[in-house]
Amino acid sequence: MSFEDLAHQITHASFEAPNEIKLELYGLYKVATCSGALPPKPTVFNPRERAKWGAWERAVHACGADPEKAKDRYIELARSLLPRGAVAISLGWRDDTSRHG
C-alpha cells in the first residue's frame, strides 16, 4: 500500500492513539509532502498549532528533511496503528481466517 493510501486510511480510520503518535504522524506527513523550510513558529497563544509545528520540526531533524525517509517511517508507524485487516479491506481483500465453520 502506498504512502498516500495509508495517509488516507489513517485520516479516516477509527482508532485511538496517543497524541504523541498523532503528532509524529503529522510531522512525518508534513516532511513527506511539503518541500522547503518550516513556517514561522506559532506563538504560545496558539498551543495546538505550536505542538503541530514542534512535531514537524522533530520530524525534519529525525529524517534529515528527506521526504523518502519520512514516508518510510510514516508507513511503518501507520501500519502498526491500523486495526488488523484495515489495509486489506481498503484494497478489497477479505480476511478468510476470521470466518468460523
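1. A residue counts as exposed when its relative accessible area is over 50%, and as buried when that area is under 20%. Glutamate 20 has a relative accessibility of 60%, and therefore counts as exposed. This residue lies in helix H2. Its C-alpha is 9.6 Å from that of alanine 51, although 31 residues separate the two in sequence. The model discussed here is a predicted one.

2. Overall content. The protein has five helices and zero strands. Along the sequence this gives the pattern α-α-α-α-α. Of the 101 residues, 29% count as buried. If one takes the contacts between residues at least 6 apart in sequence, 73% of them join residues at least 24 apart.

3. H1 against H2. Helix H1 covers residues 3-12 and helix H2 residues 19-33; they pack at an angle of about 145°, and their axes are 12 Å apart. The crossing of H1 past H2 is left-handed. On the H1 side the contact involves Phe3, Ala7 and Ile10, and on the H2 side Leu25, Tyr29, Ala32 and Thr33. By class, these residues comprise six nonpolar, one polar and no charged.

4. H2 against H3. Here the axes come within 7 Å and cross at roughly 65°. H2 passes H3 in a right-handed crossing. H2 contributes Leu23, Tyr26, Gly27, Leu28, Lys30 and Val31, while H3 contributes Ala51, Lys52, Ala55, Trp56, Ala59, Val60 and Cys63. The contact divides into ten nonpolar residues, one polar and two charged.

5. Burial and length of H2. The buried residues in H2 are Leu25, Gly27, Leu28, Lys30, Val31 and Ala32. They pack against H1, H3 and H4. The 15 residues of H2 should span 21 Å at 1.5 Å a residue, and the end C-alpha atoms are 21 Å apart, so the two values agree.

6. Burial and length of H3. Lys52, Trp53, Gly54, Ala55, Trp56, Ala59 and Cys63 are buried in this helix. Their packing partners are H2 and H4. With 17 residues, H3 should span 24 Å at 1.5 Å a residue; its end C-alpha atoms are 24 Å apart, which agrees.

7. Helix H4. This helix runs over residues 67-81, and its 15 residues reach 21 Å from first C-alpha to last, close to the 21 Å expected at 1.5 Å a residue. Ala70, Lys71, Tyr74, Ile75, Leu77 and Ala78 are its buried residues. An α-helix has 3.6 residues a turn, so residues three or four places apart point the same way. The cover over the buried residues of H4 includes H1, H2 and helix H3 (47-63). At the start of H4, a side-chain oxygen of aspartate 66 comes within 2.9 Å of the backbone nitrogen of glutamate 68.

8. Backbone between H3 and H4. Two residues here deserve a look. Just after H3, glycine 64 has a positive phi of about 65°. Alanine 65 also takes a positive phi, of about 60°, although it is not a glycine. Most residues other than glycine have a negative phi. Alanine 65 is placed in the loop between H3 and H4. Its relative accessibility is 44%, so alanine 65 counts as partly exposed.

9. Leucine 38. This residue sits in the loop between H2 and H3. Which residues does leucine 38 touch, not counting those up to four places away in sequence? They are Trp53, Trp56, Glu57 and Val60. Between leucine 38 and glutamate 57, 19 residues apart along the chain, the C-alpha separation is 7.3 Å. Leucine 38 has a relative accessible area of 26%, so it is partly exposed. Of the residues touched, Trp53 and Trp56 are among those buried in H3, and Trp56 and Val60 also belong to the contact of H3 with H2.

10. Points to check against the model. The contact of H1 with H2 includes no charged residues, whereas that of H2 with H3 includes two. Lysine appears among the buried residues in H2, as Lys30, in H3, as Lys52, and in H4, as Lys71. Lys30 and Lys52 are both listed in the contact of H2 with H3.

Methods:
Residues numbered from 1 in each chain as written. Predicted model: local features only at pLDDT ≥ 70, side-chain atom pairs only at ≥ 80, totals over all residues. Heavy atoms only, no water. Axes fitted to C-alpha atoms, helices over the stretch in contact; angles between N-to-C directions. Helix = DSSP H or I, 4+ residues; strand = E, 2+ residues; numbered from the N terminus. Left-handed = near helix turned anticlockwise from the far one by under 90°. Contact = heavy atoms within 4.5 Å. Nonpolar A, V, L, I, M, F, W, Y, C, P; charged D, E, K, R; others polar. Expected span 1.5 Å × (residues − 1). Buried < 20%, exposed > 50% of the residue type's maximum accessible area, 1.4 Å probe, protein only. Polar contact = N/O pair within 3.5 Å; in protein donor to acceptor, adjacent residues only side chain to side chain.
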